[in-house]
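Biologist: Could you take me through one part of this model at close range, and then work outwards to whatever sits around it? Please give me the cut-offs as you go.

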Amino acid sequence: MSFASETKKEICREELKNSCCRKAQAYGLWLFTRGFSLQDNAVMTENGSVARLMAESAAECAGVMAEMSVSMHRKESGVYTLSLPGEDNRKRLLEAFGHTGREVNLRLNRANLENECCMRAFIRGAFLSCGTVTDPQKDYHLEFSVSHRRLAQDLVTLLEEAEGLSLQPSITRRKGGCVVYIKDSEQIADLLTYMGAPGASMTLMQAKMVKEVRNYVNRTTNFETANIDKTASASAKQVVAIHRLQETVGLDNLPEDLREMAYLRLENPEMSLRELGEALSISRSGANHRIQRLMEMAKTE
Ligand SMILES: [Zn+2]
C-alpha cells in the first residue's frame with residue numbers, strides 16, 4: 001500500500017465526535033470532487049475507507065444514499081466508484097452545504113465551518129478526497145488537486161489560517177485545474193499530525209533523519225578519504241626522495257635527526273606528520289621540518 005493510502009487510512013480511523021465537525025468533514029470530502037454537482041458525475045477513489053466515509057457522510061448530512069461499487073482492476077487494489085443517482089439527491093447534497101450547483105465560480109462556503117474545531121475536520125475531508133502525499137523516501141510533497149481556481153485560493157487561505165500550524169502552501173496550474181502544495185518537510189509533518197495521521201508524520205520525520213545522518217556520514221567519510229589521499233601522495237613523494245638519498249649519500253651518513261626520520265618514514269608510509277612527530281617525541285612542525293630537509297637534500301643530490 002502506498003504511503004498516501006496508509007496516511008488516508010490512518011486519518012479515517014479517527015471518528016469525529018462533534019456533529020459540527022462531521023458536517024465540516026463531509027463538506028471537505030464532497031466539495032473537492034466531481035460529485036459535487038447537479039450532473040451525474042461519478043467519484044472514483046482507490047481508498048475504501050474514503051469511499052465509505054463519503055457515503056456515510058452524504059447520508060448523515062444530506063440524507064442521500066450514494067451508490068457504491070468496486071472494480072478490481074489490479075491485484076492489490078480496487079477502484080471504488082460512488083455516484084448519487086437522481087438530480088434531486090444531488091441537489092439535496094449541494095443544498096445541505098448552502099450550494100446550488102449553478103455557481104459560476106465555486107467558492108468555499110465558510111458557513112459550513114461553524115466552530116473553530118471544524119477547520120481541522122474540513123481540511124481532513126479535503127485531503128481525503130483530493131489530496132495526496134509522496135513517500136518521504138522519495139520526496140517531500142503534499143498536495144491538494146482542485147478543479148476550480150477560486151476554490152484553490154480559498155483552500156490556501158484556510159491552510160494559512162490553520163491554528164498551531166505555520167503552513168505556507170503554494171499554488172500552481174495543472175491540467176486545467178489547480179494544485180495547492182507544500183514541499184517543506186516540517187510543514188508536511190505538522191499538517192499530517194494535525195489531520196490525525198501522527199504515524200505518517202513520524203514515518204516522514206524518521207525518513208528525514210535517516211537522510212540527514214546518511215548525508216552527514218557521507219560528508220565525513222568523503223572528507224577523511226580526501227585527507228588520506230593527500231597524506232598518501234605526500235608520503236609517496238617523501239619515500240621516493242628518501243630512496244634517492246639512500247642510493248646517493250646513504251642514509252647512515254645523514255645527521256642523526258634526519259636519519260631516524262628517514263628510516264621511520266620508509267617503514268611507515270601511512271603515518272601523518274603528527275604521527276611521525278609523536279613517534280620521535282617531537283612536534284608536528286618539527287617532523288615537517290625534518291621531512292622538508294630530507295626533500296631538499298634529495299633534490300640537490
Ligand atoms: Zn466542529
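**The hairpin and its surroundings**

Modeller: Let's start at the turn: the hairpin of strand 6 and strand 7 has two residues between the strands, and Lys175 takes a positive phi near 45 degrees there. Before going on, a word on the ground rules. This is a predicted model, so to speak of a local feature I need pLDDT of at least 70, side-chain atom pairs count only at pLDDT 80 or more, and totals for chains, interfaces and linings use all residues. Residues are numbered from 1 along each chain as its sequence is written, and side-chain values use heavy atoms, with hydrogens and water left out. As for the elements, they are DSSP runs numbered from the N terminus: helices are H or I with at least four residues, strands E with at least two.

Back to the hairpin. Strand 6 and strand 7 run antiparallel and are joined by five bridges; two strands pair here if DSSP finds at least two bridges between them. One of the matched residues is Arg174, whose bridge partner in strand 7 is Gly177. Strand 7 covers residues 177-182 and is mostly covered, with five of its six residues buried (buried is under 20% relative accessible area, exposed over 50%, partly exposed in between, with a 1.4 Å probe and protein chains only).

Now zoom out one step. The hairpin belongs to an open sheet of four strands, in the order 4-5-7-6, with antiparallel pairing. Strand 4 (131-133) and strand 6 are at the edges with a single partner strand each, so one side of each has no neighbour in the sheet. On average, neighbouring strands of this sheet are turned by 25 degrees against each other, direction ignored; axes are lines fitted to C-alpha atoms (for helices over the stretch in contact), and angles run from 0 to 180 degrees between N-to-C directions.

Working across from strand 7, you meet strand 5, and these two pair in the antiparallel sense over five bridges. Here Val146 has Cys178 in strand 7 as its bridge partner. Then comes strand 4, which is antiparallel to strand 5 and joined to it by three bridges. In that pairing Gly131 stands opposite Phe144 of strand 5.

What else does Arg174 do, next to the turn? Its side chain meets that of Glu143 in a salt bridge (2.9 Å, N to O); the cut-off is a side-chain nitrogen of Lys or Arg within 4 Å of a carboxyl oxygen of Asp or Glu. Arg174 sits in strand 6 (residues 170-174) and Glu143 in strand 5 (residues 142-146), so the contact ties together parts 31 residues apart in sequence. Its two ends differ in cover: Arg174 is partly exposed at 42% relative accessible area, while Glu143 counts as buried at 9%.

That is one of 15 salt bridges in the structure. Another joins the side chains of Glu14 and Arg120 (2.4 Å, N to O). It links distant parts of the chain, since Glu14 is in the loop between helix 1 (3-13) and helix 2, and Arg120 is in helix 5, 106 residues away. Both count as partly exposed, Glu14 at 30% and Arg120 at 23%. Arg124 comes in too, in a network of salt bridges with Glu14 and Arg120.

Helix 2 and the start of helix 5 also turn up at the metal. The zinc ion is coordinated by the SG atoms of Cys20, Cys21, Cys117 and Cys118, at 2.3 to 2.4 Å. Cys21 in helix 2 (residues 19-31) and Cys117 in the loop between helix 4 (87-96) and helix 5 (118-130) connect distant parts of the chain, 96 residues apart. Donors are N, O and S atoms within 2.8 Å of the metal (3.2 Å for Na, K and Ca), and because water is not among the atoms, sites may look incomplete. The donor spacing in sequence is C-C-x95-C-C. Angles among the four donor atoms are 95 to 126 degrees, making the site tetrahedral (four donors with all angles between 85 and 135 degrees). Cys21 is buried at 7%, whereas Cys117 is partly exposed at 32%.

Last, the overall layout. The chain is assigned domain 1 (3-196) and domain 2 (212-300), with bounds from an automatic or database domain assignment. Their C-alpha centres lie 68 Å apart.

Technical notes:
Four donors count as tetrahedral if all angles lie between 85 and 135 degrees; four count as square planar and six as octahedral if opposite donors are over 155 degrees apart and all others between 65 and 115; anything else is irregular.
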